[in-house]
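Subject: Model handover and notes

Hello,

Here is the structure you asked for. My notes follow below it.

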Amino acid sequence: MSRDRRLVAGLDLGSTKTCAVIAEVVGELPRMPLAKVLGVGLAKNTGVRRGVVRDIEETTRSVQAAMRDAERMAGVKVADVTCGIAGEHVAARTSSGVVAVSGEEITPQDVARVNEVARAVSLGRDHELLHDIPQGYVVDQQEGISDPVGMTGMRLEVEMYLVTVQATAAQNLRKSVQRAGYRVADLVLDPLAAAAAVLTDDERELGVALVEVGGGSTGVAIFHEGKIRHLASLKFAGAHVTSDVVQGLGVTQADAERLKERHGVAYQPLVDPSEMVNLPSTPGQGARQASRELLSHIIHERVDEIFHLVGKEFERAGYGSGRLPAGVVLTGGTAHLPGMVELAREVFAVPVRAGTPELGISGLVDSVQAPRYAVPVGLVLYAARKAALGASSSAASLGTVGIDKLLGPMKRWLQDFF
């Protein structure tokens, strides 16, 4: 039975935790694949810092622990995983390509040629191409075309969004996963994966920013008119909040993390000023208490600073005041803190919601109902679409014309995933 099941796995290697999700590809294949969530695993990780693997052994151990839990819950074993990647080493830029149309009308081959021209740019010695996302095509000066196949024209242009990552960062990530006993099927940028799990088509069309507040870095992805328009990664995130709690309350890193998880509130006005929390203490310190308002004040100040930096990023991208009608969607491990949405509304002055994965999934949906699962769920959705594409290509392997007819739209549909 398991031989006929199409299984996919998503693995998000964060700076504080490794998160794994295993799903089965179900639904109407190949057009509307769904990811049926079978298992979830979460493990502590100290081997990754700001999206870059610093300790391969520790990262490998964390991957094994998270995947073991997910496999046990799902009752299956998987060989391949789709991994998320993020951090300041990620770079994005637009590139254009132009070709002359070979026949009377534009064919999938013409589209492939123009895409190839746009991709053929020097990435630098230590960068590899992660995603190439067509923003739109131009046929004989007619702009805003999303699928030019079948149109009549002489000149075809494309505007392509290229996302690159540091080659060594990608290699070390792959190595850690391989040592844990799994094969990396694909690397996908974290904010793009999260967007796939939490953003609606209407939000992408109107203009929306996905802000992924993780442990080591904060990812920003801006979508408008259905396409990705801007990507950025900021080095301030949840780990800085924890460090501030360490400094402000004189507790250890582990205790600060626990206090943040149990009693932390990101928006100070939500806290009762009379409420006290017990602080962990050394024998010399004796029993200690602090007001919950003080803890909240420390968190509020740092998150406020992070959100103001994100706001500057919106301005830099040309999506400042009033340019994001669908507002901001918060994801990532830090986004579950109470008060995050309220503080974000105050800083950005736009609609804000927490992004919990609900789109395109079935099965154990309640196991992934938290902003921290947006990335791994997005990764399994990406893998599910790719598996559906693979199924259709093998079904169409009789006759090349059939492959082109079927795979042309399917490949574009996978690109439209972002």
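Is Lys260 buried or exposed? Lys260 is buried, because its relative accessible area is 6% and the cut-off for buried is under 20%. Please bear in mind that this is a predicted model.

Lys260 and its surroundings

Lys260 belongs to helix H7. Leaving aside residues up to four places away in sequence, Lys260 touches Gly238, Val241, Thr242, Ile299 and Leu337. Helix H7 comes up again below, in the cavity and in the second largest pocket.

The cavity

How many cavities of 30 Å³ or more does a search of the whole structure find? It finds one. The volume of this largest cavity is about 470 Å³. Its lining is made up of 35 residues. Gly14, Ser15, Thr16, Gly214 and Gly215 lie nearest the centre. Several elements give two or more residues to the lining: strands S1 (7–13), S2 (17–28), S6 and S13 (218–224), plus helices H6 (238–249) and H7 (253–263). By class, the cavity lining has nine nonpolar, 17 polar and nine charged residues.

The second largest pocket

This pocket holds about 530 Å³ of space. It is lined by 18 residues. Closest to its centre are Ser15, Thr16, Thr46, Gln253 and Glu257. Strand S4 (48–49), H6 and H7 each give two or more residues to this lining. H7 gives the most, with four residues. The pocket lining divides into three nonpolar, nine polar and six charged residues. Ser15 and Thr16 are named among the residues nearest the centre of the cavity, and they are also named among those closest to the centre of this pocket.

Strand S6 and Gly84

S6 also helps to line the cavity. Five of the six residues of S6 are buried, so the strand is mostly covered. It has pairings with S1 and S11. S6 and S1 pair in the parallel sense over two bridges. There, Gly10 stands opposite Thr82 of S6. S6 and strand S11 (residues 183–189) also run parallel, joined by six bridges. There, Val81 stands opposite Val184 of S11.

Gly84 sits in S6, which spans residues 80–85. Gly84 counts as buried because its relative accessibility is 3%. Leu11 is 73 residues away from Gly84 in sequence, yet their C-alpha atoms are 6.4 Å apart in space. Leu11 is also one of the residues that Gly84 touches, when those up to four places away in sequence are not counted. The others are Leu173, Val188, Asp190 and Leu379.

A five-stranded sheet

What is the order of the five strands in the open sheet? The order is S14-S13-S12-S17-S18, and the pairing is mixed. Strands S14 (227–234) and S18 (352–354) stand at the edges. Each has a single partner strand, so one side of each is left without a neighbour in the sheet. From one strand to the next, the twist averages 20°.

Within this sheet, strand S12 (residues 208–213) pairs with strand S17 (residues 328–331) in the parallel sense, over four bridges. Val211 has Leu330 in S17 as its bridge partner. Helix H9 (residues 340–348) lies across S12, S17 and S18. It runs at about 155° to S18.

A hairpin, and positive phi values

Strands S8 (residues 127–139) and S9 (residues 142–145) run antiparallel and are joined by two bridges. Tyr137 has Ile145 in S9 as its bridge partner. The S8 and S9 hairpin has two residues between its strands, and Asp140 takes a positive phi near 45° in this hairpin.

Why look at phi here? Most residues other than glycine have a negative phi. Gln141 is not a glycine, but its phi is positive, at about 70°. Gln141 is found in the loop between S8 and S9. Gln141 counts as exposed, because its relative accessibility is 60% and the cut-off for exposed is over 50%.

Glu225 is another residue other than glycine with a positive phi, near 55°. Glu225 lies in the loop between S13 and S14, and those two strands are part of the five-stranded sheet above.

Best wishes

Notes. Residues numbered from 1 in each chain as written. Predicted model: local features only at pLDDT ≥ 70, side-chain atom pairs only at ≥ 80, totals over all residues. Heavy atoms only, no water. Buried < 20%, exposed > 50% of the residue type's maximum accessible area, 1.4 Å probe, protein only. Contact = heavy atoms within 4.5 Å. Pairing = 2+ DSSP bridges. Axes fitted to C-alpha atoms, helices over the stretch in contact; angles between N-to-C directions. 1 Å grid on protein atoms, 1.4 Å probe; cavity = no way out; pocket = protein on both sides within 12 Å on 5 of 7 lines; lining within 4 Å. Points joined across faces, edges and corners; volume = space filled by probe spheres on them. Nonpolar A, V, L, I, M, F, W, Y, C, P; charged D, E, K, R; others polar.
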